[in-house]
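Colleague: I would like a close look at a single part of this model, the surroundings of the bound ligands. Please take me through them slowly, and then place them in the rest of the chain.

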Amino acid sequence: MSKESEIFVGAIDQGTSSSRFLIFDTKGQVVASHQAEYQNFYAKAGWVEKDPDQIMESVETVVVGACRRFNALGYDVSQIKSVGITNQRETTVAFDSETGEPLTNAIVWSDVRTKDLVHRLVEDAGSATRFASINGLPITTYFSGTKMRWMLENVPEVQAARERGTLRFGTIDTWLIYKLTGNYVTDVTNASRTMLMDIKTFKWHDECLEFFGVRREELPEIRSSAEVYGKILEGRLAGVPVAGCLGDQQAAMVGQSCFDAGEAKNTYGTGCFMLFNTGEEPIFSKNGLLTTVGYQLGPDATPKYALEGSIAVAGSAIQWLRDKIGLIFSADEIGFLADSVEDNGGVYFVTAFSGLFAPYWRDDARGAIVGLTQYATRGHIARATLESVCYQTRAILDAMRKDSGTELRRLRVDGGLTNSNQAMQIQADILNIEVVRPEMRETTALGAALAAGLAVGIWKDQHELRQVAQSNVSAFWSRISDEKRDEMLKGWDKAVERSLDWA
Ligand SMILES: Nc1ncnc2c1ncn2[C@@H]1O[C@H](COP(=O)(O)OP(=O)(O)O)[C@@H](O)[C@H]1O
Ligand SMILES: O=P(O)(O)OC[C@H](O)CO
């Protein structure tokens with residue numbers, strides 16, 4: 001095939017720590033990419049915000065950067081036939097439909113400012129799980145519905161826009177598609193994280209809307225994860241259809257080809273999220289997991305559901321050690337530092353900066369480093385930081401076993417933190433199952449690209465998507481004894497106790 005006749009699919013991966021644009025060929029290989037980190041604002045303890053305009057600017061920057069590299073390889077941007085979007089989920093934007101401008105900063109998924117509001121809502125509802133059989137989720141600080149309600153109660157600009165009838169809410173996918181194409185839409189995976197969608201009908205649910213005080217006209221149209229949402233209006237990609245959209249964790253599920261019930265993946269980015277494909281029916285957890293839409297690859301396609309275990313802090317603890325504490329200069333140092341000690345030396349770090357998410361769901365927990373003696377070194381703290389996400393993953397896996405009645409024998413992993421061999425070895429030690437890491441680590445972006453390619457006919461069906469997503473893997477197995485593992489798990493449980501009832 002001549003260079004000019006090759007075709008490509010782009011993916012915008014708008015994560016919590018950075019934005020990326022990747023250009024994939026039809027075999028699923030990255031031919032060009034660009035990444036830019038961007039800023040969070042921490043105005044008060046527990047608050048995490050982003051400027052929606054900066055998010056959009058970072059996306060424009062990475063699109064230009066990757067397209068330049070693509071051009072330098074002798075390709076033309078007209079060879080990119082569609083673009084998929086994948087995004088940090090739950091982060092909530094309020095904007096004005098007349099000006100197209102944001103009304104306030106976006107409230108990030110990990111922000112816990114709504115803690116008191118959540119307690120009030122749980123009291124009104126009678127239980128945190130009052131709507132779980134409708135939307136799959138407990139009432140917590142995590143989801144968009146509580147963030148929208150907080151904005152409606154506290155932000156004068158949002159209140160004024162409601163009065164004018166120009167208030168529009170959206171998650172990051174909606175904001176990006178709106179800015180890129182002018183259309184006001186979301187996909188089922190993102191909508192399933194708002195608490196406002198009925199996860200069986202994929203429609204906004206009246207009772208949930210009323211409970212959170214959000215109006216139907218203030219929300220986007222819900223669409224499948226693979227269809228044309230509109231064409232990009234301007235810039236390097238003008239005219240290219242946006243044709244795939246998935247929340248980042250669901251995109252990783254597609255990128256790791258977890259298409260069959262019983263397949264699971266764990267993505268270690270800013271936070272860490274395990275999704276377990278439960279097939280065509282939602283399963284409601286009795287053990288602190290969330291029920292979520294896995295994907296719906298086309299308007300007429302059968303949707304797949306997932307059980308999810310969410311960990312609020314993973315890579316962000318490493319960023320904290322780098323940016324706020326100065327223990328390391330770069331993220332990749334953490335693994336080497338952790339490896340400089342034999343074990344955790346009795347030190348545990350419960351990274352509950354935003355409370356503890358699954359399976360604990362304790363918004364009164366706060367970060368705690370316990371078990372310190374004068375023996376403890378920087379190495380022990382580094383190791384305890386990596387162990388923290390691994391113990392939480394173990395707790396989630398145990399909950400998944402109970403909910404699904406299935407024994408998971410291998411865990412597919414991806415995300416920035418999986419670049420650390422040491423972290424993945426610790427994970428295998430703690431789980432005592434095979435941990436499998438693909439060589440192609442950009443699985444989130446690949447998932448969005450696969451959806452976008454499927455929608456415009458570049459790939460025909462799931463079978464082809466599976467072929468494209470194939471990658472060489474490295475496998476990690478436990479190297480510690482059962483006794484050692486039991487002792488570590490006991491230490492962790494005790495440390496979790498110490499972090500509770502703090503905020
Ligand atoms: N070699 C490494 N060792 C440990 N952590 C790493 C390494 N490389 C990146 N990370 C962590 O991965 C996170 C970014 O992962 P990424 O998947 O890009 O996140 P997101 O999608 O949330 O933006 C950062 O928090 C960073 O600290
Ligand atoms: O930015 P990540 O990759 O940690 O993902 C954020 C999640 O989508 C939040 O639910």
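Modeller: What follows goes through the two ligand sites, then the annotated domains, and then a few details elsewhere.

Please keep in mind that the model is predicted.

Let us begin with ligand 2. The residues around ligand 2 come from several stretches of the chain: Thr16, then Gln88, Arg89 and Glu90, then Trp109 and Tyr142, then Asp248 and Gln249, and finally Gly269, Thr270, Gly271 and Phe273. Sorted by class, this shell holds three nonpolar, six polar and three charged residues. Trp109, Tyr142 and Phe273 are the nonpolar members, while Arg89, Glu90 and Asp248 are the charged ones.

Two of those charged residues reach ligand 2 with their side chains. In Arg89, a polar side-chain atom is 3.0 Å from an oxygen atom of the ligand. In Glu90, a polar side-chain atom is 2.5 Å from an oxygen atom of ligand 2. Thr270 makes its approach through the backbone, where an N or O atom lies 3.1 Å from an oxygen atom of ligand 2. How much of ligand 2 does the protein cover? On its own the ligand has 310 Å² of accessible area, and the protein covers 95% of it.

Now for ligand 1. There are 19 residues around ligand 1, and those that come nearest are Ser17, Arg20, Thr270, Gly315 and Gly416. Thr270 is also among the residues that surround ligand 2, and so it appears in both lists. The shell around ligand 1 has four nonpolar, 13 polar and two charged residues.

Which elements supply this shell? Strand E2, residues 18-25, and helix H10, residues 315-325, each give at least two residues to the shell around ligand 1. Helix H10 gives the most, with four residues.

The polar contacts listed here for ligand 1 involve the backbone. A polar backbone atom of Ser17 is 3.1 Å from an oxygen atom of ligand 1. For Gly416, the distance from a polar backbone atom to an oxygen atom of ligand 1 is 3.0 Å. Leu417 has a polar backbone atom 3.4 Å from an oxygen atom of the ligand. Ligand 1 has 580 Å² of accessible area on its own, of which the protein covers 85%.

The sites can now be set against the annotation. An unreviewed UniProt entry gives "domain: Carbohydrate kinase FGGY N-terminal" for residues 10-255. This span is 35% helix and 27% strand, and its end C-alpha atoms are 14 Å apart. For "domain: Carbohydrate kinase FGGY C-terminal", the unreviewed entry lists residues 265-455. That second span is 36% helix and 22% strand, with its end C-alpha atoms 24 Å apart. Ligand 2 has neighbours in both spans: Arg89 and Glu90 fall in the N-terminal one, and Thr270 and Phe273 fall in the C-terminal one. Ligand 1 has Ser17 and Arg20 from the N-terminal span, and Gly315 and Gly416 from the C-terminal span.

Apart from the ligand sites, the structure holds three cavities of 30 Å³ or more. The largest cavity contains about 40 Å³ of space. Its lining includes Met148, Phe169, Trp204 and Leu219. Strand E8, residues 167-171, provides the largest share of that lining, three residues. By class, the lining of the largest cavity has six nonpolar, five polar and no charged residues.

Two points about the backbone remain. The peptide bond from Ala358 to Pro359 is cis, with omega near -10°. Pro359 sits in the loop between strand E19 (348-350) and strand E20 (368-370). Phe202 is not a glycine, yet its phi is positive, at about 60°. Phe202 belongs to the loop between strand E10 (197-198) and strand E11 (203-204).

Terms used: Residues numbered from 1 in each chain as written. Chains lettered and ligands numbered in written order. Predicted model: local features only at pLDDT ≥ 70, side-chain atom pairs only at ≥ 80, totals over all residues. Heavy atoms only, no water. UniProt positions renumbered as here; feature names shortened; annotations may be inferred. Near = heavy atom within 4 Å. Polar contact = N/O pair within 3.5 Å; in protein donor to acceptor, adjacent residues only side chain to side chain. Areas by Shrake-Rupley, 256 points an atom, 1.4 Å probe, with all protein chains shown as cover. 1 Å grid on protein atoms, 1.4 Å probe; cavity = no way out; pocket = protein on both sides within 12 Å on 5 of 7 lines; lining within 4 Å. Points joined across faces, edges and corners; volume = space filled by probe spheres on them.
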